[in-house]
Amino acid sequence: MEHTLSIIKPDAFAKKHVGEILSRFESNGLTIVAAKVKHLTKDEAEEFYAVHKDRAFFNDLVSFMISGPVMVQVLAGEDAIKKNREVMGDTDPQKAASGTIRADFAENIDANAVHGSDGPETAKTEIDYFFNPDEIISI
Ligand code: CMP
């Protein structure tokens, strides 16, 4: 059993795609073991995405992530990190396979509907950033 962090981003939240996106996770064998709705502050978005701070897109990314509420979840399942990345599709929705969340709900590489951890260490850091252990159920 593996855990991964997922964020339903401001674009998908504003378009009321939260329910459909959660349904994609569940129908692909992932279980939502923690969830919260948040409106990130600039400091939170900058800290969460600190690994990208030297990239040209960093300021646009932070501005976008604080433009409206998000839903943050911990997803659990066998190979949850890889499974979630498959269900999300490519970071760039133009390159995302059909039937993936980003192909179906995302507009462009900035407003790309969802974030998912990219490896075990990132997943741990990202989950710890948003959740206390007692907010995550055991399954
Ligand atoms: P995410 O998985 O949340 O991780 C960082 C985000 O930066 C990414 O999704 C994209 O929304 C955004 N981004 C914008 N431009 C790029 C780029 N050229 N490469 C990667 N990520 C980008």
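What percentage of the 139 residues of the protein count as buried? In this predicted model, the share that counts as buried is 45% of the 139 residues.

**View 1. The order of helices and strands in the predicted model.** Seven helices and four strands make up the secondary structure of the protein, and when the chain is followed from the N terminus, these elements come in the order β-α-α-β-α-α-β-α-α-β-α. The radius of gyration is 14 Å, close to the 14 Å that the globule rule gives for 139 residues, so the protein is as compact as a globular protein of that length.

**View 2. The extent, contacts and surface of the protein.** The C-alpha trace spans about 40 × 35 × 25 Å along its principal axes. Among the contacts in the protein with a separation of 6 or more, 76% are accounted for by residues that lie 24 or more positions apart. The accessible surface comes to about 7,400 Å², and carbon and sulfur atoms hold 48% of that surface.

**View 3. A nonpolar surface patch made by Met1, Ile137 and Ile139.** The three residues Met1, Ile137 and Ile139 together make a nonpolar patch of about 360 Å² on the surface.

**View 4. Ile139 in the segment after α7.** Ile139, which is one of the residues that make the nonpolar surface patch, has its place in the segment that follows α7, the helix of residues 120-130. Why does Ile139 count as exposed? Ile139 counts as exposed because its relative accessibility is 56%, and the cut-off for an exposed residue is over 50%.

Conventions: Residues numbered from 1 in each chain as written. Predicted model: local features only at pLDDT ≥ 70, side-chain atom pairs only at ≥ 80, totals over all residues. Heavy atoms only, no water. Patch = residues over 30% accessible without salt bridge, like charges linked within 9 Å, V, L, I, M, F, W, Y side chains within 5 Å. Areas by Shrake-Rupley, 256 points an atom, 1.4 Å probe, with all protein chains shown as cover. Salt bridge = Lys/Arg side-chain N within 4 Å of Asp/Glu carboxyl O. Helix = DSSP H or I, 4+ residues; strand = E, 2+ residues; numbered from the N terminus. Buried < 20%, exposed > 50% of the residue type's maximum accessible area, 1.4 Å probe, protein only. Rg over C-alpha atoms; globule rule 2.2 N^0.38 Å. Contact = heavy atoms within 4.5 Å.
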